[in-house]
Amino acid sequence: CVQRDITDRRRMTTEREALLYDLGERVKELRCISVVAELLARPDMDLRALLSSVVAALAPGFTRPDLLRALISSNWGHFGDEMPTPAPLKQLSAEVVVDRVAVGRICVWYPDVATEAHFLREELNLLNTVAQHLAEAVQRNRAAERVQRLSYLYETMVLTNKAIAGCKNRDDLLEALLGALAKRGAYPFAFISVFDDARMPGRLALNHAIPQDQLAHLADSLADMNGPLADVFPKIAAGEVICQNLTPFVAGGHPEHDLPGTAEWLAFLNRQNINSRIVMPLMCQGELVACVALYLRTTAEIDDEERSLFENLSDDVGLALDSFAAGMTARQMGSRFEGLFDGSPLPTQIFSLRTGKTLAMNAAMKDWLGYQPDELKSVKAALMRFFPDPETRDHYRALWDASVAEALTGKTVTAERVSLTCSDGSLRQANALLTVVNDDAIISWVDLTEINRSAEVLRESEGRFRTMVEQAVNGIFLRRD
């Protein structure tokens with residue numbers, strides 16, 4: 001009879017299995033982070049869809065994905081499972097912090113009945129990593145959204161001032177203003193309220209995209225002496241632009257209303273995920289005659305630069321209203337447009353649709369690509385410079401013709417991710433925004449080059465990350481064999 005001591009072998013087998021288990025858990029965590037990173041890099045998803053997708057991707061990274069519950073609560077809504085009451089005993093959480101402000105929280109937990117499930121120490125690190133990636137994505141989303149909104153606003157100012165020169169009275173002006181603000185779709189809902197003798201109540205004059213069944217509720221809100229418009233009326237009557245977080249109102253934090261329709265209007269905004277508004281006063285000879293209210297679904301705070309642009313736009317419209325009272329000529333209003341156009345930081349060109357010739361290009365356009373006006377004196381010349389390759393040029397010539405035809409119907413047309421050749425031979429990527437006013441085509445450019453470079457760096461990092469995960473998996477199979 002031969003006896004062998006197999007204690008060491010058993011210990012080594014146990015350690016080996018434990019190591020393989022741990023490696024398996026780490027690979028699950030790496031895969032989870034990789035999936036989240038891929039989601040966050042997608043430019044086609046809005047923030048709410050992104051948060052919903054991220055919370056759905058969390059469970060496979062944990063020990064018991066079949067039992068795990070996950071929730072992301074944020075400034076933009078709640079996504080995932082409902083947190084039970086009382087709170088579960090086994091839970092982890094991580095805050096999503098942007099610019100030192102908590103904008104959300106990721107929570108995962110196991111139901112109390114799942115006694116066999118538990119969290120690993122490394123899973124808290126996983127949750128913190130996802131929260132950090134999410135914060136970076138929110139920051140990028142805010143930056144891109146801000147660039148887009150500012151671009152829309154700069155162009156709105158140009159369009160409004162150009163339209164002002166053709167307006168004959170206040171009603172024409174208000175209609176042109178709301179049309180310009182609504183053109184890009186940056187503001188889901190908007191309206192203009194007018195005031196008699198610069199006092200409340202307000203009366204609805206014009207609206208953009210507000211459903212017919214909500215107009216009576218909005219009218220109540222404007223007339224409500226204890227409603228959301230009355231709340232800011234003293235400031236707008238003094239000429240101040242209001243940029244406001246609406247969450248306390250739409251979430252039911254302003255319950256004291258004089259008219260029943262006010263609560264219905266705020267409930268409608270809440271259902272539409274509206275969280276911010278801008279109220280811009282329109283003054284005539286120092287007195288409030290009307291205001292424009294713009295509603296937003298936004299991840300970015302309305303900053304000082306955007307507020308300043310609205311103040312400038314308010315001043316421009318006020319000047320036009322004064323001109324109707326004082327009899328200012330169209331020539332004077334036209335010169336006002338020219339000054340604003342040339343001073344705008346958004347690269348912009350104006351072409352005549354009748355002749356195809358360039359009517360104007362502002363200083364920002366010259367600085368951006370490096371071309372002088374005599375190099376871009378027509379649509380044909382611009383296409384030659386921007387697209388040296390004949391096949392590419394033919395494509396964009398056809399796109400220009402189709403876009404002009406669509407813009408003539410009153411729409412604003414966007415061509416995305418256009419690669420333009422600069423005067424020095426380098427390339428810039430931009431979105432082109434085309435609007436037709438009378439017989440003129442106004443094309444503005446939103447530069448995406450730096451944003452795209454950042455996205456490319458992120459994609460390269462994700463590629464390296466996926467390679468690392470694949471190598472880790474291969475290492476586990478080699479160890480098993």
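Cys422 is classed as buried, since its relative accessibility is 6%, below the 20% limit. The model under discussion is a predicted one. A second cysteine, Cys32, is likewise buried, because its relative accessible area is 3%. The number of disulfides found in the structure is zero. A disulfide is a covalent bond between the sulfur atoms of two cysteines.

Charged side chains form nine salt bridges under the criterion applied. One of these pairs Arg203 with Asp196, with a nitrogen-to-oxygen distance of 3.1 Å. Both partners fall in the intermediate accessibility class: Arg203 is partly exposed because its relative accessibility is 43%, and Asp196 is partly exposed because its relative accessibility is 44%.

A further salt bridge joins the side chains of Arg385 and Glu375, at 3.9 Å from N to O. Arg385 belongs to helix H12 (residues 379–386), whereas Glu375 sits in the loop between helix H11 (363–369) and H12, so the contact ties together parts that are 10 residues apart in sequence. The relative accessibility of Arg385 is 38%, so this residue counts as partly exposed. Glu375 is also partly exposed, because its relative accessibility is 23%.

Arg428 and Asp447 make a salt bridge with an N to O distance of 2.5 Å. This pair links distant parts of the chain, with Arg428 in strand E13 (residues 427–437) and Asp447 in strand E14 (residues 440–447), 19 residues apart. Asp447 has a relative accessible area of 24% and is therefore partly exposed. In addition, salt bridges connect Arg64, Asp66 and Glu116 into a network.

On the surface, a patch of negative charge is formed by Glu240, Asp304, Glu311 and Asp315. Of these residues, Asp304 is located in helix H9 (residues 304–326). Asp304 is exposed because its relative accessibility of 64% lies over the 50% limit.

Helix H6 spans residues 228–237, and its buried residues are Pro228, Leu229, Ala230, Val232, Phe233 and Ile236. Just after H6, the backbone at Gly239 adopts a positive phi of about 90°.

Two residues illustrate contacts in space between positions separated in sequence. Ser73, in strand E1 (residues 69–74), is buried because its relative accessibility is 18%. The C-alpha atoms of Ser73 and Arg105 are 5.4 Å apart in space, while the two residues are 32 residues apart in sequence. Trp368 is part of helix H11 and is buried, because its relative accessible area is 14%. Between Trp368 and Ser423 the C-alpha to C-alpha distance is 9.7 Å, with the two positions 55 residues apart in sequence numbering.

Cis peptide bonds were identified at two prolines. The bond between Thr85 and Pro86 is cis, with omega about 0°. Pro86 is placed in the loop between strand E2 (77–80) and strand E3 (90–98). The bond between Met200 and Pro201 is also cis, with omega about 5°. Pro201 lies within strand E6 (residues 199–208).

Positive phi values also occur in residues other than glycine. Asp99 has phi near 55° and is placed in the loop between E3 and strand E4 (101–110). Asp99 is exposed, because its relative accessible area is 54%. Arg100 has phi near 65°, again a positive value in a residue other than glycine. Arg100 is placed in the loop between E3 and E4, and its relative accessible area is 83%, so Arg100 is classed as exposed.

Definitions and conventions:
Residues are numbered from 1 along each chain as its sequence is written. This is a predicted model: local features need pLDDT of at least 70, side-chain atom pairs count only at pLDDT 80 or more; totals for chains, interfaces and linings use all residues. Side-chain values use heavy atoms; hydrogens and water are left out. A salt bridge is a side-chain nitrogen of Lys or Arg within 4 Å of a carboxyl oxygen of Asp or Glu. Buried means under 20% relative accessible area, exposed over 50%, partly exposed in between (1.4 Å probe, protein chains only). Helices (H or I, at least four residues) and strands (E, at least two) are DSSP runs, numbered from the N terminus. Patches are made of residues with over 30% relative accessible area and no salt bridge: like charges are joined within 9 Å, nonpolar side chains (Val, Leu, Ile, Met, Phe, Trp, Tyr) within 5 Å. Accessible areas come from the Shrake-Rupley method with a 1.4 Å probe; for residues, only the protein chains shown count as cover. Lys and Arg count as positive and Asp and Glu as negative; His and the chain ends are not counted. The place of a charge is taken as NZ of Lys, CZ of Arg, CG of Asp or CD of Glu. A disulfide is a pair of cysteine sulfur atoms within 2.5 Å.
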